[in-house]
Every structure is written in structure tokens, then in C-alpha cells.
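Here's a quick tour of a two-chain model. Have a look at the structure first, and then we'll go through how the parts fit together.

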There are 2 protein chains.
Amino acid sequence: MLKILKQSKKSKARLGALSTPHGKIETPFFMPVATRGAIKGVAAPEMKEMGARIILSNTYHLFLRPGLEIIKKAGGLHKFMGWNGPILTDSGGYQVFSLAKMRKITPEGVEFRSEIDGAKIFLTPEKAVEIQQVLGSDIMMALDICSGYPANREEIAKAVEMTTAWATRCVRQKGRKIERKKDRKQMLFGIVQGGVYPDLRQKSLDDLLKLNFDGYALGGLAVGEPISEAYKIVRRFAPLLPEGKPRYLMGVGVPEQMVRFVKMGIDMFDCVIPTRHARHGELFVFQKRGSLAGKFYRLLHVNNSQHKNNFQPIDRDCRCFACANFSRAYLHHLFKTKEPLGQRLATVHNLRFFLDFMARLRKEIREGKI
Amino acid sequence: MLKILKQSKKSKARLGALSTPHGKIETPFFMPVATRGAIKGVAAPEMKEMGARIILSNTYHLFLRPGLEIIKKAGGLHKFMGWNGPILTDSGGYQVFSLAKMRKITPEGVEFRSEIDGAKIFLTPEKAVEIQQVLGSDIMMALDICSGYPANREEIAKAVEMTTAWATRCVRQKGRKIERKKDRKQMLFGIVQGGVYPDLRQKSLDDLLKLNFDGYALGGLAVGEPISEAYKIVRRFAPLLPEGKPRYLMGVGVPEQMVRFVKMGIDMFDCVIPTRHARHGELFVFQKRGSLAGKFYRLLHVNNSQHKNNFQPIDRDCRCFACANFSRAYLHHLFKTKEPLGQRLATVHNLRFFLDFMARLRKEIREGKI
């Protein structure tokens, strides 16, 4: 499904075209996070306008609310939220482990309580796939066990083993449903675990390669370990993933890190940094003439009183809705008065920055600069 | 400045064209309220798109934050908020009386404390005009004394007297500034007070007519009195206002009331009802074939569980951004999960309803139906 358009000669970076049921997208790309089927204050047609080509939604949150019945009746998540581009859904595993109360993991699956009504929920690998089939996402993720950091070797070894067993069941479940034409088109990605232990990573990778997933993610990184550890793991293992399949580094990241990871052969990213920073009035701005190899952006804190009197846009060269229409002084005012328009404009700007940044990365790969 | 295009034969309703420094607008019209230079989550270009031709901003709030220095440097409120249509600013009087702490009224003006930093502020009629000149609004309002309801006759009589004295000073202040070309174009409206006492209303009206304002407002209504009292006052006094000048009923109102007030000769309205209702998920929907004389709309409570499964738009015939793109089920979900997009879409819809409703009123006057 991934066609490599250009392989860099200077690094492992590659430019590709990923075909999905909702259209073809160029890699590497960044996925804005629409947790509950919405990005803070931003509507689906505006995501497209700002340059988003694929978004990520959270299975766990959507499963709890509005629930599958509603999404099924809506005709899937795309129709429900009014977004007709590709969607990747996570498996829900990460949220179960980081958010859910009273969870209990058994080889069969994971039991937890709904944070909405306290109901007991039992999530199995089969169920995780079924849910994502109802959501109708273009890319489904296998249910995995994501250990935090620090975690001891034994714990990680167990997680790897269980992740493989669950991955096998996810693949089988997907096969079962293949009679329905639209399910056949959905892709299923496996998630390589193993923490910062190279031998466990290798084992997880070997196990999952046998299952012939449509794409592979490196999971369990960006969970608190020093970034140098993540670099080590990705540098070593990204190139071992199949060349003709997309490689997804989950939950990353900071732009300068993303540049390095792209050079290691990563094709896909998702991260809440642009939206979370926007909520706090921290805006990403490209530095003039900054090369992607160096410091190419800075953070502008629009709450700072220095912007009170600044009638320039956030970034004169940015073509986002916020920069095209409003000044820093106006944004400063909106943040100071807690007008919801402020966070919305900041979100639009930061997402545009990430999307423009990825477009620039692709251009540099195309031109042989990276 | 108001050209009467059509005077109804069936009622006192009239269709007019009001010229302002930022363009001509048809009357009667409704002004969405952008208190702090923004409508909840909605940006200026979108207000235009939804059919707003003129908006109202609050002098009191803008004076406290961001403050005049900033707006002056921005080149006025229009530039600051990115809105190039007409703006009406209130005088700040109403907010001083309803919101400010520790206020003290003297014949000279009103003293109160800033809710931001506790600083003592002394607002005089001259100052109120000066502030609005800096804001650069198309329509300025004279500083008045708005009594609440109930209020005794003596209190209202005093308020009327002071309102006249202050109105005189506002007119004088405006004259002083007339050397600047752009100030000359700003309109200044007087506010008739007098509560529900016809003789006091008459006195206030007589006093203010002598001052030859560019337009007249009926103030001190919609402050808690029974609506029948407001009808009585408006029915009697609206027709006594100059025919060739706009008549503005402040803070009104509910759509069916607006129909009646238009028939009494009112040309202008402002109200927070559409935005406030939107915040609570209460959406205005036209009834099919409902005549403006009867019950022509209903309130849809999108939080109600009956909408959980409803994949129709709020109103199939509405052309707003929310109805064009999203279902009730999606809005229900956004409200339940407190996604800020929900309130934004609801606000867009409700404002569109009010603006469409006013357009329909104008059409019916034009066609001689009202």
C-alpha cells in the first residue's frame, strides 16, 4: 500500500505515497489528534483547509462516548464527524493503561471500568478490531500492551509476549470479517514493543513481521524515557521494518525530533503537542532561513505582555486563518479575557505549523536535501 | 442617515436603509453581541459569512481590557478585531450599573473600581464619548442612567433628569471633536429613559429630541419588568421618535417579541439570547410554514438524549455552517463531551437563525405582509 517515491541517499528518509480507502497521502506525514472525533474548536472542513490529510481518533474515548451504536447508525466515524479524509484509530490499549480505573490484565484481555457510568468493560484483541471496524477507520491498530518508563526487563518481556499473542488474534479477527468489502480495505498495523531493551525489541519485531501487518508502529516510546534512548531504538529498528510498508512512531513529537526520526526512516507521526501548546498560548513560529538541520522554529508565548502592543500576525509568512486575519495583540487579548476564539485560533495556527513543517520535510526529501 | 424605503400600511413597521461609515444596512436589523471584541468561538470573517451586517461591542469591557491605548494603536476596534462592517458600541453605563463594584454616582459622572486591578475609574459623559471615538464605532451611545426594575418613581425621575444632563454633555463633547474627519462620520444616539412611567418617558423623550441625536434608543426596558409593560411603553413612544432616524430597542429580545416591536416601529435590536442559549445547547429552529404572526419557531435542546441517534441536521432548511456539515447526534456528542466545537457550532446556528429571521421580517415588510 506504500509506494516509495524517493529514497534519500544521505539518510534513511524516504518519500512515499500511502493508499487508503479515503485517498492517497504522501509520507512522511503528521496526524492531528481528534480524540473524541473533534479537534478543540476546529471543525472537519477547516482541518482540510489547514492542510490536514489524515487525522487520528481515539478508540477508547469514542467507545465510551458516543458509543458504537451511535457511530454504527451514523455510518461510521467519517460520516459522524464530517471528515472524508483518512482516519487512523488507535487500539484503545494505551488509554486503558494510562486512564482507565480498576484495570485487570489477563491473557484473554483487559477489564476496566467505564469512567462515564462505572460499567465493567472487557476489551479483547478481537473486540479492539471489531470496534475499529465499526468506526471504519482507514488504519486500525492492533491491541498491544504499552509499558511505561521506567519498567523492569521482566515486565517488558511479558508485555512483548502478550503483545505478540494479541497481535495474532487481531490479525485472525480481521481475517474473519473479510467477507464485507469495506472491511477488506481497512489496514491493520502491528505495534512493536520492547521498551529500551534491544533484544526484546528484536523479538517483538521478529514476531510481528511473521504476521504480515499492513504497516508497523514503534510503540512504548515517548513515554518518559530520555530522548537519547528513543533515538537509539528507532535508529536501530526502523530500518529493520519492511521497506514497502509504512512505519509509524506513536506519540511523537517535538519538531526537531521528528526531523531526526524521519532521517531514520519513520513515515508517520501523531502528537498532542500542537493542540496542547495552543491551549496555553504557546505558538510555533518558523525562524527565517532556519535550516531543518538546526534550530528552525521558536515558541511564541502569546500571553506575554510584550505581545499586548504587537499588531503583527503571529507569523507574517504563515497562511493559516489566524495569521491571515488577526494580530498578536488581538490573540493576547482573547487569551487574557479567556475568549474561546483565542484557543481556537492558536490551535489552527499550531496545526498549520506542524502540517507545513511536514510538507517542508517532504520537499527536502524530494529535492535530495535530507 | 436613515432612508425609509417602505412604510407598512398595516402597522408602524418600516423598512429602511441606514448609512454608516462602514456601509449601508437595511433596517430592521439584529446586532450579534461581541462583548470583548469577539463572539464566543466565532471569528469576524465568519460573522460576515453567517449574514451579520452590524455587531455590538461593549465599551465597558473593552475599556477595562485591552484598554484604549491598545485599541488606539491598532487603529480602532474594527482593525483590532478584523471586522470591517459597522459596529455599535454601548456607552458603558449599563455595565457600570449592573457589574461594577463600589460605584458612586454624582452629577459629574460615575466612579467605580476596575474588576481587573481594582483601580478607581471615573466615567463621565465626555469620557464615554471620547472612549467610543477611540474605539471608532459607527454608532456611539450617550452615557445614560439605566434604572433596574422595580424602581420607584422618584428614582426614575432623577435618572431621567441626569440622563438629559449627561446627554447634553455627550452631544457637546462630540461637537468638540468634529475637526477630525472620521469622528464627524460617527453617529451618536440618545437613550430615552423613564421606566414604565409614561409621563417620565415623555419628559425624557422631549428633552432628548431637542438635542437632535442621530438616532434614538429606548432604554431601561427588558430589565425585569413584565413584557406587557414594555409593549405598552414601546407602542406609545416608538412612534413619537423622529421618523427619519433609527429607533433602537436595547437588549431585546425573544423573536416573537421582536416581531411585535418591529410592528411598533422599532428598527434595531441587540440581545445575548442567541449566544447564551447556544452555550446551553438550546437551538432555535423555524417551524415549517409558521407565520411570523404566530408560533414560527421552537427551541431544540440538543443535550436531550432524543438527539443522540438523530442524524439529521439541526434544521434541514438552514444554511449555516453547522447545519451544512453536522448532525444533531454529532452536536449532542460534542456537548456531552464538552468539546468547545459544540458551543461554537450552536452559536453559529443561533445567530444565523436571528439574522435569517430579521431578513424574513424585512422581506415581509417589503411585500406588505406586516
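## How the copies relate

Turn chain A by 180° with 0.0 Å of shift along the rotation axis and it superposes on chain B with an RMSD of 0.0 Å (least squares on the C-alpha atoms of residues with pLDDT of at least 70 in both copies). That's the relation of a two-fold axis.

Bear in mind that this is a predicted model: local features need pLDDT of at least 70, side-chain atom pairs count only at pLDDT 80 or more, and totals for chains, interfaces and linings use all residues. Residues are numbered from 1 along each chain as its sequence is written, while chains are lettered from A and ligands numbered from 1 in the order in which they are written.

## Where they meet

Chain A and chain B each put 32 residues into the contact (C-beta atoms, placed from the backbone, within 7 Å). Of the interface residues of chain A, 100% are also interface residues in chain B, so the copies meet through the same surface.

On the chain A side, two or more residues come from each of α1 (44–49), α3 (68–74), α4 (77–81), α14 (328–336) and α15 (340–366) (helices are DSSP runs of H or I, at least four residues; strands are E runs of at least two; both are numbered from the N terminus). α14(A) gives the most, with five residues.

## The sheet in chain B

Eight parallel strands of chain B make an open sheet, ordered β4-β14-β13-β12-β11-β10-β6-β5 (strands pair if DSSP finds at least two bridges between them). β4 (29–31) and β5 (55–57) of chain B are at the edges with a single partner strand each, so one side of each has no neighbour in the sheet.

At the β4(B) edge, three bridges link β4(B) in parallel to β14 (residues 268–270) of chain B; B:F30 has B:F269 as its bridge partner there.

Terms used: Contact = placed C-beta atoms within 7 Å.
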